[in-house]
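Q: Please examine closely the surroundings of the ligand in this structure. I should like a connected account of what lies around the ligand, followed by the other spaces in the protein.

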Amino acid sequence: MEICIIGTGYVGLVTGTCLSDFGLEVICVDKDSEKIECLNSGRVPIYEPNLEDLIQKNVNAGRLSFTTDIEKGIKESKAIFIAVGTPPNDDNSADLTQIEKVAQQIAQHLNGYKVIVNKSTVPVGTAGKIKEIINSFSPSPLQHPFDVVSNPEFLREGSAVYDFTHPDKIVIGTTSIKALKIMQEIYRPLYLIDTPFMITNPETAELIKYACNAFLATKITFINEIANLCDKIGADVHQVARAMGLDGRISPKFLHPGPGYGGSCFPKDTRALCSIAESFGYEFQSLNAVVSANIRQRELMVEKIKRLVGKLRGKQIGILGLAFKMNTDDIRESSSIDIIKILLGEGAKIKCFDPLAMDNTKKILPDIIYCQDEYETAQGCDALVIATEWNQFRNLDLNKIKKLLKNPTFVDLRNLYEPATLKSLSFIYEGVGRK
Ligand code: UDX
């Protein structure tokens with residue numbers, strides 16, 4: 001079976017590559033010719049562990065190709081995956097312009113029965129909207145029937161290839177038996193390893209995606225607020241989270257407190273779900289509170305730094321980590337970047353280091369100091385702040401760091417260190433919820 005993937009961002013590229021590794025023939029299409037040129041010359045425009053090797057393997061096997069020619073992609077495929085961006089509008093609703101445009105192009109090039117699979121995160125009702133657009137733009141809708149399926153992704157950046165090949169569920173939203181059979185054939189390798197398949201209608205599938213992300217964002221925000229409370233009352237959030245996690249109904253995952261969630265999904269999707277609820281006349285009170293508590297979490301982290309170093313004006317702050325989490329070069333809605341912006345606004349000077357995200361950060365913050373490593377960052381600083389949980393920040397030579405800092409102030413926003421260890425080395429140390 002031949003598959004066309006439209007959009008070669010994180011989701012599209014990982015989906016296309018992994019499906020080709022399942023043995024399917026995959027054409028990845030993107031309107032960005034630079035990106036396609038880059039992929040065709042063997043380079044990968046994003047960093048994602050194992051992706052480059054997998055692309056190379058499947059390109060060499062002749063199963064994976066890249067093109068800007070959408071007509072070819074559509075005409076040669078039985079299943080067409082839409083994986084284009086749905087950035088937020090000013091009112092936080094999802095901007096569906098790219099999806100609508102792709103639906104029009106699909107309509108123009110239909111040449112037989114196709115399954116149109118939507119992977120992009122979209123408001124409830126979008127599958128129906130795609131169907132309407134294709135029907136109204138297709139020159140001969142009766143001659144070329146099609147079905148629209150909602151098949152949301154649950155990939156984490158930094159482990160997207162693993163997540164695609166070891167999912168905890170596959171959600172297929174369709175009312176068509178024919179489309180369902182094709183989807184089951186596409187995901188057969190996962191079916192064989194007993195992955196649960198959730199077959200439902202498109203609207204439910206669309207809501208499942210938002211509900212999962214919003215719930216995880218809520219869980220993180222909840223533990224962040226417990227940590228803030230721990231800071232005030234002298235309790236240890238690690239022990240609270242561990243005890244909570246031992247309750248099978250809660251589970252230990254996503255209970256790591258920090259500077260607030262970021263990335264390309266949680267911030268956008270939580271706001272979008274509030275806006276979807278509003279459009280149906282419902283005020284999603286708890287999720288609205290999560291959205292504002294997550295903004296406040298960044299501000300509280302700056303307050304923490306301020307409490308330890310005093311007035312920020314003229315102070316040199318070293319920031320370790322710019323990416324929104326480890327193992328990615330992605331800085332979208334990164335709490336580290338937001339914190340840096342607040343610190344700069346209050347007159348602090350910033351030195352920083354990140355193993356992968358410095359090139360992306362230079363594009364939006366060209367005037368801060370970028371360092372070679374953790375030690376150059378610490379040199380002469382009034383405080384060193386860990387903002388992203390990169391593994392290489394877990395084993396710093398603390399004696400060396402202490403000598404390099406102007407003041408031995410260490411703010412650990414990811415709780416990578418034991419407070420007692422740092423205090424025994426005479427650091428002024430604070431984590432999140434571990435006083
Ligand atoms: C997320 C979802 O996990 C994934 O299923 C969905 O498809 C896309 O959005 P991703 O954005 O890649 O994936 O990152 P994730 O690992 O979920 O982390 C999101 C944010 O939450 C990061 O900023 C991370 O640092 C933060 N986080 C996560 C915490 O602060 N504490 C936690 O316990 C977990």
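A: In this predicted model, the shell around the ligand is drawn from two domains, with at least three residues from domain 1 (2–199) and at least three from domain 2 (214–430). The shell comprises 18 residues, and those that come nearest to the ligand are Glu157, His256, Gly262, Lys325 and Arg414. Among the structural elements, helix H10 (residues 202–233) supplies the largest share of this shell, namely three residues. Sorted by class, the shell holds nine nonpolar residues, six charged residues and three polar residues.

Several polar contacts involve oxygen atoms of the ligand. At leucine 155, a backbone N or O atom lies 3.1 Å from a ligand oxygen atom. The side chain of glutamate 153 places an N or O atom 3.3 Å from an oxygen atom of the ligand. At leucine 255, a polar backbone atom is 3.4 Å from an oxygen atom of the ligand. The ligand taken alone exposes 660 Å², and the protein buries 93% of that area.

The second largest pocket may be described in similar terms. Its volume is about 340 Å³, and 13 residues line this pocket. Pro45, Asp329, Asp330, Asn360 and Lys363 are the lining residues that lie nearest the centre of the pocket. Helix H15 (residues 358–364) gives the most to this lining, contributing four residues. The lining of the second largest pocket consists of seven nonpolar residues, five charged residues and one polar residue. This lining also draws on two domains: at least three residues come from domain 1 (2–199), and at least three come from domain 2 (214–430).

There remains the question of enclosed space. A search of the whole structure finds one cavity of 30 Å³ or more. The largest cavity has a volume of about 50 Å³. Its lining includes Asn118, Lys119, Ser120, Thr121 and Val122, together with Ser150, Asn151 and Pro152. Glu206 and Lys209 also line the largest cavity. By class, this lining has five polar residues, three charged residues and two nonpolar residues.

To return to the ligand, the account may be drawn together briefly. Both domain 1 (2–199) and domain 2 (214–430) contribute at least three residues to the shell, and the protein buries 93% of the area that the ligand exposes when taken alone.

Key:
Residues numbered from 1 in each chain as written. Predicted model: local features only at pLDDT ≥ 70, side-chain atom pairs only at ≥ 80, totals over all residues. Heavy atoms only, no water. 1 Å grid on protein atoms, 1.4 Å probe; cavity = no way out; pocket = protein on both sides within 12 Å on 5 of 7 lines; lining within 4 Å. Points joined across faces, edges and corners; volume = space filled by probe spheres on them. Helix = DSSP H or I, 4+ residues; strand = E, 2+ residues; numbered from the N terminus. Nonpolar A, V, L, I, M, F, W, Y, C, P; charged D, E, K, R; others polar. Domains from an automatic or database assignment. Near = heavy atom within 4 Å. Polar contact = N/O pair within 3.5 Å; in protein donor to acceptor, adjacent residues only side chain to side chain. Areas by Shrake-Rupley, 256 points an atom, 1.4 Å probe, with all protein chains shown as cover.
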